[in-house]
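Hello,

Here is the structure I promised to pass on to you. Have a look at it first, and then read my notes below.

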Amino acid sequence: MPNANVLPLLEQTTVEPCCAPLNERPLSAEDAVRTAAMFKALGDPVRLRLFSAVASHEGGEACVCDISDVGVSQPTVSHHLKKLKEAGLLTSERRGTWVYYRVAPAVLAAMAKMLGQYPA
């Protein structure tokens with residue numbers, strides 16, 4: 001019998017996007033730790049591709065089955081998705097046998113705001 005319940009996965013670590021634009025004021029030590037975790041997670045090309053695949057997927061969410069074609073094995077994809085979740089960049093939800101990923105609320109906007117606009 002299929003499981004019709006939607007079971008959210010437990011978030012192991014929640015890191016909220018933070019910080020005023022970098023050109024507005026220096027980062028506090030706490031903000032620097034959070035921001036570095038986000039950028040460290042995105043510093044790997046496979047993770048960056050997975051993050052982009054989720055962010056650009058129709059409907060704003062992607063099943064792991066739709067984004068796993070990034071040139072590495074399925075266990076490696078799962079490892080990278082876990083790292084993105086731990087950095088607070090993705091959230092996930094289990095539906096039956098599949099896990100669906102979304103960019104954590106306001107992450108893209110917060111990252112863009114934090115980087116700010118610099119004069120050319």
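**Surface patch**

L22, L27, F39 and L115 together make a nonpolar surface patch of about 300 Å². In a patch, residues have over 30% relative accessible area and no salt bridge (a side-chain nitrogen of Lys or Arg within 4 Å of a carboxyl oxygen of Asp or Glu), and nonpolar side chains are joined within 5 Å. L27 lies in the loop between β1 (6–8) and α1, and its relative accessibility of 33% makes L27 partly exposed. Buried means under 20% relative accessible area, exposed over 50%, and partly exposed in between, with a 1.4 Å probe and protein chains only.

Before you go further, please note that this is a predicted model, where local features need pLDDT of at least 70, side-chain atom pairs count only at pLDDT 80 or more, and totals for chains, interfaces and linings use all residues. Residues are numbered from 1 along each chain as its sequence is written, and side-chain values use heavy atoms, leaving out hydrogens and water.

**Inside**

The largest nonpolar core (buried Ala, Val, Leu, Ile, Met, Phe, Trp, Tyr and Cys residues joined through side-chain atoms within 4.5 Å) has 23 residues. L50, F51 and L84 are among those with the most contacts inside it. Of the elements, α2 gives the most to this core, with 4 residues. Leaving aside neighbours within four places in sequence, L84 is in contact (heavy atoms within 4.5 Å) with A41, L42, R47, L50, F51, L89 and L90.

**Cysteines**

C63 is buried at 2% relative accessible area, whereas C65, at 39%, is partly exposed.

Best wishes

How values were computed
Helices (H or I, at least four residues) and strands (E, at least two) are DSSP runs, numbered from the N terminus. Patches are made of residues with over 30% relative accessible area and no salt bridge: like charges are joined within 9 Å, nonpolar side chains (Val, Leu, Ile, Met, Phe, Trp, Tyr) within 5 Å. Accessible areas come from the Shrake-Rupley method with a 1.4 Å probe; for residues, only the protein chains shown count as cover.
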